[in-house]
Amino acid sequence: MEDQSCRSGNRGSGSEHQWRAEEAIAGNSDALKALRELIIFPLLFSQEAQKIGLRWPRGLLLYGPPGTGKTSLVRAIVQECGAHLTTISPHSVHRAHAGESEKVLREAFSEASSHAISGKPSVIFIDEIDALCPRRDSRREQNVRITTQLSILMDSNKQSASGRPQVVVVASTNRVDAIDPALRRSGRFDAEIEVTAPTENERYQILRLYTRKVQLDPEVDLLAIAASCNGFVGADLEALCREAAMAALQRCSGTNENDILSLTTEDWKHARSIVGPSMTRGITVEVPNVTWDDIGGLKGLKKKLQQSVEWPIKHAASFSKLGISPARGVLLYGPPGCSKTTLAKAAANAAQASFFSLSGAEMYSMYVGEGEALLRNTFRRARLSAPSIIFFDEADVVAAKRGGSSSGNVTVGERLLSTLLTEMDGLEEAKGILVLAATNRPHAIDAALMRPGRFDLVLYVPPPDFEARYEILQVHTRPMKIGSDVNLKKIAEDTELFTGAELEGLCREAGIVALREDITASVVCDRHFQTVKDSLKPALTSADIDIYSTFMKTRSGMPSQHSNLSVNNKINAKRSVFSPVSLVKLGLIGCFFVVLAKFFLSEKYKVEQELKTT
């Protein structure tokens, strides 16, 4: 527990300048407004509140990702209004013996109340309240006692005779759902404010705040740096400025000491390569360094991807001006090795958005519900770091058709699919999020995903034609030294039905053949390409290409999922009639009727014998 008296720099000094919290922290205007209403308004409008019987709120809960400035917000507002600050953290409250933790809370509230009675604003700040007052379902006796004691102390925090609360309680957490629900009600924590990741404009303000004492090179564009720091929180931006300053110090360490230190564009690039967004660590990957020029051919497909991926992020104002909502999802399908994954990487690199990559192997787990939790967590972080792209490689594994057998794997797949459908429908409230998926089995994907609103665009990635094969060969022979006798156009003509991956393998194997001939070889000749080409055969056939190319045309004519389910139900009903259990039932019923028939026949025989004797 820490006690601190914070006063603004001008109080008691006679200076005309009024210190504001914006001089120490940038962005988070909603949280600043809520804190001012909670701490400063009771001082300014105490008489008006007493006249109308207004009861001021007693507590405020700040929640959001780590590093967004929740603690800094409270300290800045407390310094602005000159209030007394009492900080309570979990490590200062937890004690070994029973009753000592509650005593620490009582002493903190008692000291804060004594300052409030003297006419000075008093604020109690509880940091990481989720560790101090978790849900009482855990049945840990100490947590139950601390939560109960805090609830009692907040309820006893009555409004003074002057019309303002004696003590204002502010708490922060990054796990708001872990807090005991008894505290999240009016009268305790009356309001909850989310402190989110800063927007592009707020990132620019934070960079200006941290670089106000540093000279910048005229070529440095803070707006461009803020735009490239997507997903960064305030702590990440502070680390970015620190790394840039350290790079400048190392650069100028051997020069004249009288030279003025200035941050250049190279310093910022070096810092950007070191510091990344902490909010997306663990479930995101670096944006791949793949450009559109690294993909040969597919000009029309590239243009469509640019329009659906880049335009909504780079030209968001134009979309909102026309009232157009961008696409939520794009599905790329085609034969294996036709650059579907490479196209997704190039689109993510061109858009410069946060890139999240998920595969089917990560989704399936031995624990029930873990794959769905990973999926929900990925979408939640993507919303926080928007604009962002979520890429599903081999989407047919995660989004397989429902209604098959009832094995455990299919049940997990159905749960994953339901979660994916729900999260994609939830994208309506979040802007700047795009779902990219790639598959070579489009017929295996559930029909619920193949509609506008989920996968708005379904794009076919065909095998490369002659011009595309020639461009792919140029791309992969760019870093190689090839002889003057190599005719790439002739090789492109002779490699019909080859995919991009097979052409890449052809160029790599040609270099290996050259090294086999002479380990000191420096040029790859035409004979090396011909040797490899004669030994390779395309994996695709014309029939395979026809199946892929006619998928979108035949999809509407294919039997629906409901009709398949009805057929399956009929088949299952027929099978159930002849199941072993049903046969046993039929045998028992037959035996019952046989016994019943014998009984009636024996009775009839007895009656006839009696009549004969009489």
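**Salt bridges in the predicted model**

D494 is partly exposed, with 32% of relative accessible area. The model that contains this residue is predicted. D494 pairs with K490 in a salt bridge, and 2.7 Å separates the closest N and O atoms. K490 is also partly exposed, at a relative accessible area of 39%. Both residues belong to helix α21, which spans residues 488–494. D494 and K490 are four residues apart in this helix, so about one helical turn lies between them.

A salt bridge also joins K533 to D534. Here the closest N and O atoms are 3.7 Å apart. The burial of the two partners was computed for each side of the pair. K533 has a relative accessible area of 14% and is buried, because the cut-off for burial is under 20%. D534 reaches 60% relative accessibility and counts as exposed, because exposure requires over 50%. The K533 and D534 pair does not stand apart from the helix α21 pair: K490, D494, K533 and D534 are linked in a network of salt bridges.

Another salt bridge is found in helix α13, which covers residues 299–314. The side chains of K314 and E310 meet there, with an N to O distance of 3.4 Å. K314 and E310 are four residues apart, about one turn of the helix. K314 is partly exposed, with a relative accessible area of 48%. E310 counts as buried, at 11% relative accessibility.

Across the whole structure, the search finds 17 salt bridges. Among them are the pairs K314 and E310, D494 and K490, and K533 and D534.

Note on methods:
Residues numbered from 1 in each chain as written. Predicted model: local features only at pLDDT ≥ 70, side-chain atom pairs only at ≥ 80, totals over all residues. Heavy atoms only, no water. Salt bridge = Lys/Arg side-chain N within 4 Å of Asp/Glu carboxyl O. Helix = DSSP H or I, 4+ residues; strand = E, 2+ residues; numbered from the N terminus. Buried < 20%, exposed > 50% of the residue type's maximum accessible area, 1.4 Å probe, protein only.
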